[in-house]
Amino acid sequence: MEGCKARMREELEYRYGQLRRQSIELANQALITPNVKLSLVDSQAYAAFERWEYHPDRKVDWDWPESWGIWKKNFPKRFECATWNNDKLIGFSMGRPTYQATGLRLDFIEKSPEATESHLDLSYLALYAYATLLGANHVKIMKPINKDVRDYYVSKGFKYDQKSNSCIRRIT
């Protein structure tokens, strides 16, 4: 039984890994800034993250490498994205399909305190592409860290849902 579960997990990881790569490719094709790109999360992204992990202006203290290991193990259908300007990491984002599989939730998003680029706009390209490939009808940003961030998401076309403490945007 354990071997069967491992094989199923490997198959899911492979199938959804293909979709993740495809969503990143689609998002990169939509970019108009030549030095900006998106990628999957990898060791290069973690090495770049170490440059701003202890920055005094960092707003959250997520341990991306440790959190990533847990998410990778538990959520083979996960969304992941690292955003870059040349070799400078702009930020990370991680999420997963909703339990009803009608949406894609973004559980973690963080922008480098030194980045000036719009990490949300860049990540959203890949998030939207992945959600579309999954057949989702909405994306949801979970638990904005404060009112200013929530209001920023709303200014980008999301609607705040107080009940779930999330910002939701329908896919048309």
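This talk describes the sheet, the nonpolar cores and the charged pairs of one predicted model.

Good morning, colleagues. I begin with the sheet. Seven strands form an open sheet, in the order 1-2-3-4-5-7-6, and the pairing is mixed. Which strands stand at the edges? They are strand 1, residues 36–39, and strand 6, residues 159–161. Each of these has a single partner strand, so one side of each is left without a neighbour in the sheet. On average, neighbouring strands of the sheet are turned by 30° against each other, direction ignored.

Let me follow strand 2 in some detail. Strand 2 covers residues 79–85 and pairs with strand 3, residues 88–97, in the antiparallel sense over 7 bridges. Within this pairing, Glu-80 stands opposite Met-94, and Trp-84 stands opposite Leu-89. The two strands form a hairpin with 2 residues between them. In that turn, Asn-86 has a positive phi of about 55°. Strand 2 also pairs with strand 1, again in the antiparallel sense, over 4 bridges. There, Leu-38 stands opposite Thr-83 of strand 2.

Is strand 2 mostly covered or mostly open? It is mostly covered, for 7 of its 7 residues are buried. This holds for both faces: Phe-79, Cys-81, Thr-83 and Asn-85 are buried on one side, and Glu-80, Ala-82 and Trp-84 are buried on the other.

I turn to the helices that lie across the sheet. Helix 3, residues 64–74, lies across strand 2, strand 3 and strand 4, the last being residues 103–111. Helix 3 runs at about 30° to strand 3. Helix 4, residues 119–134, lies across strands 1, 2, 3, 4, 5 and 7, and its direction is at about 160° to strand 4.

Helix 4 includes Leu-125. This leucine is partly exposed, with a relative accessible area of 29%. Leaving aside neighbours within four places in sequence, Leu-125 is in contact with Ala-27, Ala-30 and Leu-31.

Next, the nonpolar cores. In soluble globular proteins, nonpolar side chains tend to be buried together. Here the largest nonpolar core has 28 residues, and those with the most contacts inside it are Phe-79 and Val-139. At least two residues of this core come from each of helix 1 (2–30), strand 1, strand 2, strand 4, helix 4 and strand 5. Which element supplies the largest share of this core? Helix 4 does, with 7 residues. Apart from this core lies another, of 14 residues, among them Val-41, Trp-68, Trp-71 and Leu-89.

Phe-79 deserves a further remark. With neighbours up to four places away in sequence left aside, its contacts include Met-94, Leu-104, Leu-106, Leu-127 and Tyr-130. Arg-20 is also one of its contacts.

My last topic is charge. Side chains of opposite charge can pair when their charged atoms come close. The count of salt bridges in this model comes to 10.

The first pair I shall discuss is Asp-107 with Arg-105, whose side chains meet at 2.4 Å, N to O. Arg-105 is found in strand 4. Are these two residues buried or exposed? Asp-107 is buried, with a relative accessible area of 14%, and Arg-105 is buried as well, at 15%. Beyond its sequence neighbours up to four places away, Arg-105 touches several residues, including Tyr-99, Lys-140 and Met-142.

Another pair is Asp-121 with Lys-156, the closest N and O atoms being 2.9 Å apart. Asp-121 lies in helix 4 and Lys-156 in the loop between helix 5 (147–155) and strand 6, so the pair ties together parts that are 35 residues apart in sequence. Both count as partly exposed, Asp-121 at 35% relative accessibility and Lys-156 at 26%.

Within helix 5, Lys-147 forms a salt bridge with Asp-151, with closest N and O atoms 2.7 Å apart. These residues are 4 apart, about one turn of the helix. Lys-147 counts as exposed at 51%, whereas Asp-151 is partly exposed at 30%.

Finally, a network of salt bridges links Arg-9, Glu-13, Arg-20, Arg-78 and Glu-80. Glu-80 has already appeared in this talk, as one of the buried residues of strand 2. Thank you for your attention.

How values were computed. Residues are numbered from 1 along each chain as its sequence is written. This is a predicted model: local features need pLDDT of at least 70, side-chain atom pairs count only at pLDDT 80 or more; totals for chains, interfaces and linings use all residues. Side-chain values use heavy atoms; hydrogens and water are left out. Two strands pair if DSSP finds at least two bridges between them. Axes are lines fitted to C-alpha atoms, for helices over the stretch in contact, and angles run from 0 to 180 degrees between N-to-C directions. Contact means heavy atoms within 4.5 Å. Buried means under 20% relative accessible area, exposed over 50%, partly exposed in between (1.4 Å probe, protein chains only). A nonpolar core is a set of buried Ala, Val, Leu, Ile, Met, Phe, Trp, Tyr and Cys residues joined through side-chain atoms within 4.5 Å. A salt bridge is a side-chain nitrogen of Lys or Arg within 4 Å of a carboxyl oxygen of Asp or Glu.
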